[in-house]
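User: I am new to this structure and would like to get to know one part of it well. Please go slowly and explain each term as it comes up.

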Amino acid sequence: MSEYRYSSAGRGHHASYLLEPLLNLIGTERLKVADLGCGNGSLSDAIASLGHEVTGLDASVSAIDQARLAYPSCRFFRASIDDLPSEIEPASFDLVVSLETIEHLID
C-alpha cells in the first residue's frame, strides 16, 4: 500500500459539499463517533466541535501526524480498517462515518 501524503491539517475540497449536510445529520446530542479514513483530522475536528467524542483512524502516517498536532481534542490512530488497534472496540461507537474513503480500499 502506498502512503497518501498530507502536507497540512486544513480542510480539503470535500468540506465544501459534505461537511454541512453531515453535521446537520449528526446533530448535537453527544455521541461517540469513529471517523474511518479520517485523513488529516479536519472532519473529525468539525464533528468534535459540536461536542461529540471523536476517534479517527487512517493508514497514512503523515495524515495522523497532522491530525494529532492540529486537533488534540480528538483521538487518532494510525491503523487500517482491516486491522483495528486493540484500544478500539467497534461496538463502543454510536456512529461511524467514512467519507472520501472507499476509493482507497482494495477489498
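What follows is a close look at helix H3 and its surroundings, starting with the sheet that it packs on.

Analyst: Happy to help! This is a predicted model, in which local features need pLDDT of at least 70 and side-chain atom pairs count only at pLDDT 80 or more, while totals for chains, interfaces and linings use all residues. Residues are numbered from 1 along each chain as its sequence is written, and side-chain values use heavy atoms, with hydrogens and water left out.

Let's set the scene. The protein chain has three helices and four strands, where helices (H or I, at least four residues) and strands (E, at least two) are DSSP runs numbered from the N terminus. Starting at that end, the elements follow the pattern α-β-α-β-α-β-β.

The four strands make an open sheet in the order S3-S2-S1-S4, with parallel pairing; two strands pair if DSSP finds at least two bridges between them. Its edges are strand S3 (75-78) and strand S4 (95-97), each of which pairs on one side only. From one strand to the next, the twist averages 20°. Strand S1 (residues 32-36) is joined to S4 by three bridges in the parallel sense, and Asp-35 stands opposite Val-97 in S4.

Now for the helix. H3 covers residues 61-70 and packs on the sheet, touching strand S2 (53-58) and S3; contact here means heavy atoms within 4.5 Å. The direction of H3 makes about 165° with that of S3. Such angles run from 0 to 180 degrees between N-to-C directions, with axes fitted to C-alpha atoms and, for helices, over the stretch in contact.

Which residues of H3 are buried? They include Ser-62, Ala-63, Ile-64 and Ala-67, where buried means under 20% relative accessible area, exposed over 50% and partly exposed in between (1.4 Å probe, protein chains only). S2 and S3 are part of what covers the buried residues of H3. An α-helix has 3.6 residues a turn, so residues three or four places apart point the same way.

Just before the helix, Ser-60 lies in the loop between S2 and H3. With a relative accessible area of 3%, Ser-60 is buried. Its side chain makes a polar contact with the side chain of Ser-62, at 3.3 Å, and also reaches the backbone nitrogen of Ala-63 at 3.1 Å. A polar contact is a pair of N or O atoms within 3.5 Å; within protein, one must be able to donate a hydrogen and the other to accept it, and residues adjacent in sequence count only if both atoms are side-chain atoms.

H3 also helps to build the interior. Along with helix H1 (15-26) and helix H2 (42-48), H3 supplies at least two residues of the largest nonpolar core. Such a core is a set of buried Ala, Val, Leu, Ile, Met, Phe, Trp, Tyr and Cys residues joined through side-chain atoms within 4.5 Å. Of its 18 residues, Leu-22, Val-33, Ile-47, Val-54 and Phe-76 touch the most other members. Leaving aside neighbours within four places in sequence, Ile-47 is in contact with residues including Leu-22, Val-33 and Val-54. Another core, of seven residues, lies apart and has Ala-34, Phe-77, Ala-79 and Phe-93 among its members.
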